[in-house]
Amino acid sequence: MKRRDFLKYAGAISLAGCATTPAKSRVVVIGGGFGGATAAKYIRLWNPAIDVVLVERESSFVSCPISNLVLSGDSNMREISHGYDGLARHGVQLVRDEAVAVDAAKKNVRLARGGDIAYERLIVSPGIDFNFGEIQGYEAAMQSGRVLHAWKAGPQTTALRQQLEQMNNGGVVVLSIPLAPYRCPPGPYERASMIAAYLKRAKPRAKLLVLDANPDVTSKPGLFKAAWKDLYAGILEYRGNARAVAVDAKTMTVKLEVDDVKGDVLNVVPPHRAGDIAVSAGLITHNDRWCDVDWRSMESKKVPGIHVLGDATLSAPGMPKSASMANNHAKIAAAAIIGALDGRGSGPDPKIINTCYSFVSQTEAIRVSSVHQWDADQGTLIAVKGSGGVSPARSEAEGTFAWHWARTIWADSLG
Amino acid sequence: MHKRIFALAIAVTCAAASAPATAQDLQGRNLAASCAICHGTEGRIATKDSPLIPLAGLPRDHIATQMRAFRDGKRPATVMHQIAKGYTDPQIDAMAAWFAAQKR
């Protein structure tokens, strides 16, 4: 598609109240996850005079939060999948394609199916991709379908659920966790809990072996370990300092630094980095993995005019790579970009809330919360002293809140 | 320079009804936006049977008083006591004013 054609198409579907204004400011957003979808929506909500184009390769959004309940059979893919029609109602122009390159000098995004989109400001919210090379044999094992990460909710979530269902009672599930930082600090431990919950219910002779590259549980350790002791003793075995260095799908083996572990289902999560487009757009600043940003605007510290959101960022101190954070990064970026484009200011330095719920059984959850604000001396967002904390204990009340948090953040990001 | 003038011209032509007029409005809007992950966009909860409180259109004094009660440990909570401790009085007032001004 030629650019001119694209613009014609974009113009035709524009719902903006000022559609007749000849050349409006255009913000292009790459990636329709919690970060990108929220940014697209909030720019339109706060200033409908700005054109917003969202480039997303998938037809629907699939939520990582709650996806561990798909593995246990307590939710399903339909429940965690959402269309982008809510964003269209806000006048966001949806382009189903993959952004493959960014020309920051010409302010253009190149699409996989051909054609460029010009932008005044660009938001890159690419989520994560994996450093498969850090685990020998991983890509071949994954392509064989026998080793999965299921760390992007989607087809691998369905496939892992099927493997768990097909496994014999008495089988061994291996869950391998990468070194932090990775997407969703409590996610692996919630997954361990929910797989154990499924095994306890459906295959009581089966075992789950959790191999953590980190020395200990990295998030809510006391609450997770209490749940495992109370609910899953004899089913779930946890080993810290157990980093996977190789996998072999033929022998169904995970090789650790010191020994080998065999399993019937191998859920091996490789180390992460910022998503591919952040690499090709030259946004990576740290360890070949993450993108540092100015937290007052989310603008890249490397490439002006490009704002990076969500898991792809070099996390501020104590800030998790979470859905809540990506959603709130988006609002920082929306305020800053609107302020820059309409000249009416973007408000004071940012302050944002994180809340992450984790299920530990079918009905009970635990939570961690924090409030992060700009600190001029440190030049980053830091947790406000005295704020935040975790649940006193796992409870069904937190489980109820967890479901409503999920439904509300889905609606806030996409609705 | 041309771009800036043009941007301003657009802002004037297309001034959105919801666009904040003052720095305090912007502060309230931005702070309140963070609450939306649990309390819904602009304080309106889209889902049914939610135990979470929709804040849009609640009286300003009520919101501010409750936030201070959470912060000072006078009202029990599952999470709000931990979050409210992250906010100053002027920030609470700015959020309360903004939520109070939203349509239910």
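This is a short dialogue on reading contacts in a predicted model.

Trainee: Start with the two chains. How many residues does the contact take from chain B and from chain A?

Mentor: Count residue pairs whose C-beta atoms lie within 7 Å. Here the contact takes 35 residues from chain B and 47 residues from chain A.

Trainee: Which helices of chain B each supply at least two residues of the side that touches chain A?

Mentor: Map the touching residues onto the helices. In chain B, α1 (2–13), α2 (23–33), α3 (36–39) and α5 (80–84) each supply at least two. Of the side of chain B that touches chain A, α2(B) gives the most, with seven residues.

Trainee: How do the residues on that side of chain B divide into nonpolar, polar and charged?

Mentor: Sort them by residue class. The side of chain B that touches chain A has 21 nonpolar residues, 11 polar and three charged.

Trainee: Now chain A alone. What domains does the domain assignment give?

Mentor: Check the bounds, since a domain can be written as joined segments. In chain A, domain 1 is 3–129 + 273–347, and domain 2 is 133–270. Their C-alpha centres lie 31 Å apart.

Trainee: How many residues does the contact take from each domain of chain A?

Mentor: The contact takes 18 residues from domain 1 and 18 residues from domain 2.

Trainee: Which helices of chain A supply at least two residues each on the domain 1 side?

Mentor: Look at α3 (67–71) and α4 (77–80) of chain A. The largest share of the domain 1 side touching domain 2, five residues, comes from α3(A). By class, that side of domain 1 of chain A divides into nine nonpolar, seven polar and two charged residues.

Terms used:
Residues numbered from 1 in each chain as written. Chains lettered and ligands numbered in written order. Predicted model: local features only at pLDDT ≥ 70, side-chain atom pairs only at ≥ 80, totals over all residues. Contact = placed C-beta atoms within 7 Å. Helix = DSSP H or I, 4+ residues; strand = E, 2+ residues; numbered from the N terminus. Nonpolar A, V, L, I, M, F, W, Y, C, P; charged D, E, K, R; others polar. Domains from an automatic or database assignment.
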